[in-house]
Amino acid sequence: MTSSDTIPIRISDDVIRVRGRVRALAMTLGLGIVDQTKIVTAASELARNTLDYGGGGEARLEIIETGLRRGLRVTFEDQGPGIADIDLAMTDRYTSGHGLGLGLSGAKRLSNEFEIKSAPGQGTRVTITRWK
Ligand SMILES: Nc1ncnc2c1ncn2[C@@H]1O[C@H](COP(=O)(O)OP(=O)(O)OP(=O)(O)O)[C@@H](O)[C@H]1O
Ligand SMILES: [Mg+2]
């Protein structure tokens, strides 16, 4: 890991801040405009979920490095109610609210790696990675 940055997500403006920071780091990493937009869009959906369903939380942004490649990883964490049925939540068009139900599934499609950990009463953590 070469850098890391944590952004609180408490209000709608924080979602915009996360977008901006993800865009800036994606540019720093040297991602092309299409890949930049993919991770910005995915991060935006997850930040919105953190706020709307998780009751707020934080995003951690990291430039990660393996021996072979570098990537941008964003982790969203909240201490909200958690998700009882992750498979259902990941299903296209499933929403427990009034959304389109495309946030989680879309974020997965837009990322090279996607990991979700959640349980009732345990909060939710979602990690996405886009490799250069
Ligand atoms: N951080 C979270 N905490 C608790 N539940 C969550 C969280 N993120 C997602 N969920 C649950 O998963 C469901 C699916 O999320 P997803 O982002 O795919 O759709 P949505 O937010 O309902 O609609 P959209 O994102 O398309 O506007 C949500 O409706 C909610 O029930
Ligand atoms: Mg959503």
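User: What makes the oxygen atom of ligand 1 and the side chain of Asn49 a polar contact?

Analyst: In this predicted model, an oxygen atom of ligand 1 is 2.8 Å from an N or O atom in the Asn49 side chain. The cut-off for such a pair is 3.5 Å, so the pair counts as a polar contact.

User: Why does the side chain of Asp78 count too?

Analyst: Here the ligand 1 atom is a nitrogen, 2.9 Å from an N or O atom in the side chain of Asp78. That is within 3.5 Å, so this is a polar contact as well.

User: Which part of Leu102 lies 2.8 Å from an oxygen atom of ligand 1, backbone or side chain?

Analyst: The backbone: one of its N or O atoms lies at that distance. The protein covers 89% of the 600 Å² of accessible area that ligand 1 has on its own.

User: Which residues come nearest to ligand 1?

Analyst: Asn49, Tyr53, Thr95, Ser96 and Leu102, out of 18 residues around the ligand. By class, this shell has seven nonpolar, nine polar and two charged residues. Helices α2 (33-52) and α4 (103-109) each supply at least two of the shell residues.

User: What is the space taken by ligand 1?

Analyst: The largest pocket. A molecule is placed in a pocket if more than half of its atoms lie within 2 Å of the pocket's grid points. The volume of this pocket is about 670 Å³.

User: How many residues line the largest pocket, and which lie nearest its centre?

Analyst: There are 33 lining residues, with Asn49, Tyr53, Ile83, Ala89 and Leu104 nearest the centre. Two or more come from each of α2, β3 (70-78), α3 (86-90), α4 and β5 (124-131). The largest share, six residues, is from α2. The lining has 16 nonpolar, 12 polar and five charged residues.

Conventions. Residues are numbered from 1 along each chain as its sequence is written. Chains are lettered from A and ligands numbered from 1 in the order in which they are written. This is a predicted model: local features need pLDDT of at least 70, side-chain atom pairs count only at pLDDT 80 or more; totals for chains, interfaces and linings use all residues. Side-chain values use heavy atoms; hydrogens and water are left out. A residue is near a molecule or strand if one of its heavy atoms lies within 4 Å of it. A polar contact is a pair of N or O atoms within 3.5 Å; within protein, one must be able to donate a hydrogen and the other to accept it, and residues adjacent in sequence count only if both atoms are side-chain atoms. Accessible areas come from the Shrake-Rupley method with a 1.4 Å probe; for residues, only the protein chains shown count as cover. On a 1 Å grid over the protein atoms alone, a cavity is a set of points where a 1.4 Å probe fits but cannot get out, and a pocket is an open set with protein on both sides within 12 Å along at least five of seven lines; lining residues have an atom within 4 Å of a point. Helices (H or I, at least four residues) and strands (E, at least two) are DSSP runs, numbered from the N terminus. Ala, Val, Leu, Ile, Met, Phe, Trp, Tyr, Cys and Pro count as nonpolar, Asp, Glu, Lys and Arg as charged, and the others, Gly among them, as polar. Grid points are joined across faces, edges and corners, and a volume is the space filled by probe spheres set on the points.
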